[in-house]
Amino acid sequence: MGRAARLREMMERGLVLAPGVYNALFAKAVESTGFEAVYVTGFGTAARYGYPDVGLITQSEMSQNLRHICRATELPVVADADTGYGNIINVRRTVREYERAGVAGFHIEDQVFPKKCGFMEGKAVIPMEEHVQKVKAALDARANPDTVIIARTDALAPNGWEDALARARAYREAGADLIFVDGIRTLDELDIYSKELALKGIPCLYNGGLVAAEDAQRMGFKIQILAGLSLAAVFKSATAAMQELNASGITRQTVAQFGPPEEGETVNDILGVPEVYELEQRYDIKGETAQ
Amino acid sequence: MTHPGAKLRVAMADGMVLAPFVYDGFTARIAASQGAQAVYMTGHGTSAQIGLPDVGLTSMAEMVANLGYIVNAVDVPVVADADTGYGNAINAQRTVREYEAAGAAAMHLEDQVFPKRCGFFEGKECVPMEEHVQKIRAALDARVDPDMVIIARTDAVAPNGWDDAIQRAEAYRLAGADLVFVDGIKTLDDLDIYTTRLVEQGIPCLYNGQLQPVPEVASRGFKVMITGGGHALSYAAVRQALLDLKVGGGIGEPRDTERFNATTSLLGLPEIYELEQRYATENA
């Protein structure tokens, strides 16, 4: 079964919890710690390339990152496709590139291009009818009917709940597999999201950690992503390491070279160094049998 | 425009340059924001973030792409890992041109056989010394700007022992390398040998590791020190966050507006808002 079909099967069984990553190494960590799906964040991918999440990162850079991530893990990958990187014509290409990269599902949002992170100030949305067409174009462009198309609306912050709900319903009507209202900051907002959409038979994705997965499931959500998990962890640890280096002139040796000192796989284990040594033996790369 | 290598040369003339390990634009920005005067792009980390072990699978083009992002992300000189130069002397020449065009201040080329492996892995092998002398000469010839810093690395300590490593280091310096880098220094005894037999003989050297605090390494006379947690530290932090998430059943950390703002500031969001104002049209 393909990864997109597996993702659909998982959603049938219950809520899918997908921690956010932005590179292949962290995707491997998600798999090895026992999660069943991975989310790839555009915010993190932009940060990885040194930019804020304001639509500067291109479709090809996102696709390239996704290719590496999908190769690094067997898990279904849910990805951020921003606005689809242009109009409906661009959306068609994005869908094909993402599918070819191996993505199981992805979300396309109704912000104007270039977009902004869902939690930033100054968001603006395109007319609802225009995004309905984008969602339809995305559905039509799928090569694999199992690919999960998630329609995201960013209308909550600029336009309020009434518009956000109308958009969510229209995108679902257009055939979107899931709806994603982004920018949920409080439990009250999450409650409205749940009662007005998720519990009314519209499959929804929740981005955030205001409630635990079992509660999110009870609230009717199909997917919960924690988009910022990896970036926050790296920001904290890399900043602390630099401060430690500045203060004491030294950083922790074991972690620096070989990964976490506690139980579990090191960086080199998870990247497959042991398998490389095995292959060298199998194909006699060092020419030892010839000597 | 001043070549970034010139900035690095000025800094090296003042004392030892500390270049923390970074593997992407984000960690480069974090290092620079904490006052790093240079950053070091690790090949191990560049490979890791695309899911590969550091055994020569990552291509020169992939390294250059990452280098470009890091260079654009920070104003400080970038010292870059260039492995073996990705082939023979001809490949090394193209690598030098691509790295220089991408904006590197310095790069190191090592004497391992291709495909290489991480300097701290088992099973390293070196090409004959003469072959690497030629590669260094080729690299020096390929520079567009003579300020580009070419660092010759030897991996000979582990497979061949110190005598061979010293001989190689001296030969690479004689061939014109700006700096020499003996990799795989695992003990203080090794660091002492490195210091007395090369650094104190007047050969400009780079040290990779954290056996001693920065000031002590500097007082030994090294010109550049590359150090820090890099991607392994990030991996440990992400792994811990994932394990915490499991325990919490999906409850993430509470939304931290302060950290969110610190992250977006680090990435240049305030400048974006300023630009939006500066280039705004009237009906916007």
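**Note on the two chains and on H108(B)**

1. Of the 284 residues that make up chain B, 62% count as buried. The coordinates under review are those of a predicted model, and the remarks below should be read with that in mind.

2. As regards secondary structure, chain B is assigned 13 helices together with eight strands. Its radius of gyration is 20 Å, close to the 19 Å that the globule rule gives for 284 residues, so chain B is as compact as a globular protein of that length. Taken along the principal axes, the box filled by the C-alpha atoms of chain B is roughly 65 × 50 × 35 Å.

3. The contacts of chain B deserve a separate remark: when pairs at least 6 apart in sequence are considered, 69% of the contacts join residues at least 24 apart. As for the surface, chain B exposes about 11000 Å², and carbon and sulfur atoms supply 52% of that area.

4. Chain B carries 23 positive and 37 negative charges, and the mean positions of these two sets lie 2 Å apart.

5. Turning to chain A, the assignment gives 14 helices and eight strands. A compact globule of 291 residues would have a radius of gyration near 19 Å, and the 21 Å found for chain A agrees with this. The C-alpha atoms of chain A occupy a box of roughly 70 × 50 × 35 Å along the principal axes, and 62% of the 291 residues of chain A count as buried.

6. In chain A, among contacts with a separation of 6 or more, 66% are accounted for by residues 24 or more positions apart. The accessible surface of chain A comes to about 11300 Å², with 51% of it belonging to carbon and sulfur atoms. The 31 positive and 40 negative charges of chain A have mean positions that are 4 Å apart.

7. One residue may be singled out for inspection, namely H108(B), which is placed in strand β4 of chain B, a strand that covers residues 106-110. The relative accessibility of H108(B) is 0%, and since buried means under 20%, H108(B) counts as buried.

8. What surrounds H108(B), once its neighbours within four places in sequence are left aside? The residues in contact with H108(B) include a run formed by A80(B), D81(B), A82(B) and D83(B). Y40(B), I151(B), R153(B) and F181(B) are also in contact with H108(B), so that this buried histidine can be examined in the model together with the partners just named.

Notes. Residues are numbered from 1 along each chain as its sequence is written. Chains are lettered from A and ligands numbered from 1 in the order in which they are written. This is a predicted model: local features need pLDDT of at least 70, side-chain atom pairs count only at pLDDT 80 or more; totals for chains, interfaces and linings use all residues. Side-chain values use heavy atoms; hydrogens and water are left out. Helices (H or I, at least four residues) and strands (E, at least two) are DSSP runs, numbered from the N terminus. The radius of gyration is taken over C-alpha atoms; the globule rule is 2.2 Å times the number of residues to the power 0.38. Buried means under 20% relative accessible area, exposed over 50%, partly exposed in between (1.4 Å probe, protein chains only). Contact means heavy atoms within 4.5 Å. Accessible areas come from the Shrake-Rupley method with a 1.4 Å probe; for residues, only the protein chains shown count as cover. Lys and Arg count as positive and Asp and Glu as negative; His and the chain ends are not counted. The place of a charge is taken as NZ of Lys, CZ of Arg, CG of Asp or CD of Glu.
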